[in-house]
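Trainee: Please show me the structure. I would like to ask what lies behind the terms used to describe it.

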Amino acid sequence: MSTSKPGFTRWLGCTLAVAAFAVACGEPDRPGPIDPPTDTTTTVEPSGFRACSDGTAGEFACDGVNLMSWLTLAEIGNSGGNANDIWGWTDPQTGIEWALVGHSRGTSFVSLEDPERPVHAGSLPLTEGATPSLWRDIKVYDDHAFIVADLAGEHGMQVFDLTRLRSVSNPPQTFPATIIYDRIHSAHNIVINTETGFAYSVGGNGGNETCGGGLHMIDIRTPTDPQFAGCFADRSTGNRKTGYTHDAICVVYRGPDTDHRGKEICFGSNETALSIADVSDKANPAALAGVSYPDLGYTHQGWLDEAHEYLYMNDELDEYNRGKTRTLVWDVKDLDDPIVTREFDHITSASDHNLFVVGDLMYQSNYAAGLRILDISNRENPAEVAFFNTETGAPDEPALWGSWSNYPFFASGVIPVSSMGGGVLFVKRAN
């Protein structure tokens, strides 16, 4: 089984022009994956636990991160497709941790009751009549998964009651969605503020209420009865000035800016800028700031520190010009005037993708460089402290293939990491 997946240069009629950093599609511009170099990938068969020793865990390069186990694409029911986003759920009744693995044909549910022997309990296929897609995104609220897919036709937002996983027998099973919210068709991401019970579909396209590709706000306090709550789009941002939001994080703000403390604030990665908006009043959301930065490629995704003082952001395409992986450190102590206080260059050159912050650590899925773990105890001076490269034989260069995302929030310390062609790997820090 190759840990990379070729064949994505043309997808759904889109032609990727890497040199120009553009995708020619009928929808808002967004990056798409490219073919990995076929002469550098190594064939590795999955197995159980492998300790990181002398810089490797089996065939995988690593530093301070052990491999617990690995499920290939075929083993999660997606032969011939690709893995993409990943999220997690801890069953409050049993304490079992579950990986929710997105892929081109649906979402797979993997039990980590024994993380060295994960069990694929079953899958929720894409909505009937929808199109397989590179992009799928998943979040969880109140024991329900909320799932969207991009450029997938009339997919809608699937809602799945995760407590159904408790009674699985003879896995893997095929599950139907609990309900489907159809006020959106396709969307790039789904964002959820679990404190308020509101979801934000972003990057909407393909019909119905796209909100210009900005925030499509949904009341999910009753998970099986989602209700449309409004739109927000900062039209000073985005490649087409529609306010298109590629990804976001929405929180009840508890940072130092007293003018906005206690309000519901969304921090959007809007292709060309960081967008900050007050969405406390869904009928009257308000833009607070829209700010760009040097050497812009494609503003992709970001995450706040726990004090709501700093936001860490990745730009998916800037490595092609800069030559090094870059993490942008935003000082957001003044929400009306955020500033880039540090442009941190990594030791790698791989393109960066999704990142998350837990305490003083930042977990980045950086495509061909795999999972990188950084110490941010000094908020403006990150330092890499561990890594696990999910892509064997990968050259250290910008490319849009490899590790898509990770979920570092489980109490056990097990981190599911998705690899577009390799499936899902379960890793854990060695110390």
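Trainee: Why is Arg-379 called buried?
Mentor: Its relative accessible area is 18%. Buried means under 20%, exposed means over 50%, and partly exposed is what lies in between, with a 1.4 Å probe and protein chains only. The value of 18% falls under the 20% limit, so Arg-379 counts as buried. Arg-379 lies in the loop between β32 (371-375) and β33 (383-388).

Trainee: What kind of model do these values come from?
Mentor: This is a predicted model, in which local features need pLDDT of at least 70 and side-chain atom pairs count only at pLDDT 80 or more, while totals for chains, interfaces and linings use all residues. Residues are numbered from 1 along each chain as its sequence is written, and side-chain values use heavy atoms, with hydrogens and water left out.

Trainee: What makes the link between the side chains of Arg-379 and Asp-360 a polar contact?
Mentor: The distance is 2.9 Å. A polar contact is a pair of N or O atoms within 3.5 Å; within protein, one must be able to donate a hydrogen and the other to accept it, and residues adjacent in sequence count only if both atoms are side-chain atoms. At 2.9 Å the pair is within the limit, so the term applies. The side chain of Arg-379 also makes a polar contact with the side chain of Asp-305, at 3.1 Å.

Trainee: Which residues is Arg-379 in contact with, leaving aside its neighbours within four places in sequence?
Mentor: They are Asp-305, Tyr-310, Tyr-312, Val-329, Gly-359 and Asp-360. Contact means heavy atoms within 4.5 Å.

Trainee: Why is the pair of Trp-87 and Tyr-407 called edge-to-face?
Mentor: Rings of Phe, Tyr and Trp (its six-membered ring) pair if their centres lie within 6.5 Å; planes under 30 degrees apart count as stacked, over 60 as edge-to-face and the rest as tilted. For Trp-87 and Tyr-407 the centres are 5.0 Å apart and the planes 65° apart, so the rings pair, and edge-to-face is the term. Trp-87 lies in strand β7 (residues 83-90) and Tyr-407 in the loop between β34 (403-406) and β35 (415-419), so the pair ties together parts that are 320 residues apart in sequence. Both residues are buried.

Trainee: What makes Phe-109 and Phe-160 a stacked pair?
Mentor: The angle between their planes is 15°, with 4.7 Å centre to centre. That angle is under 30 degrees, so the pair counts as stacked. Phe-109 in strand β9 (residues 106-111) and Phe-160 in strand β13 (residues 157-161) are 51 residues apart. The structure holds 14 aromatic pairs.

Trainee: How do you know that the charged end of Lys-139 sits over the ring of Trp-87?
Mentor: A charge sits over a ring if NZ of Lys or CZ of Arg is within 6 Å of the ring centre and within 35 degrees of the ring normal. The charged end of Lys-139 is 4.8 Å from the centre of the Trp-87 ring, so the distance test is met. Lys-282 and the ring of Phe-198 give another case, at 4.1 Å. Trp-87 also belongs to an aromatic cluster with Trp-303, Phe-356, Tyr-407, Phe-409 and Phe-410.

Trainee: Why is Lys-241 called partly exposed, and His-308 buried?
Mentor: Lys-241 has a relative accessible area of 48%, which lies between 20% and 50%, so partly exposed is the term. His-308 has 11%, which is under 20%, so His-308 is buried. Both have a positive phi without being glycine: near 55° for Lys-241 and about 60° for His-308. Lys-241 lies in the loop between β21 (227-232) and β22 (247-252), and His-308 in the loop between β26 (299-304) and β27 (310-315).

Trainee: How do you know that β13 and β15 pair?
Mentor: Two strands pair if DSSP finds at least two bridges between them. Strands themselves (E, at least two residues), like helices (H or I, at least four), are DSSP runs, numbered from the N terminus. β13 and β15 have three bridges, in the antiparallel sense, so they meet the requirement of at least two. They belong to an open sheet with the order β11-β12-β13-β15. β11 (136-141) and β15 (179-181) have a single partner strand each, so they stand at the edges.
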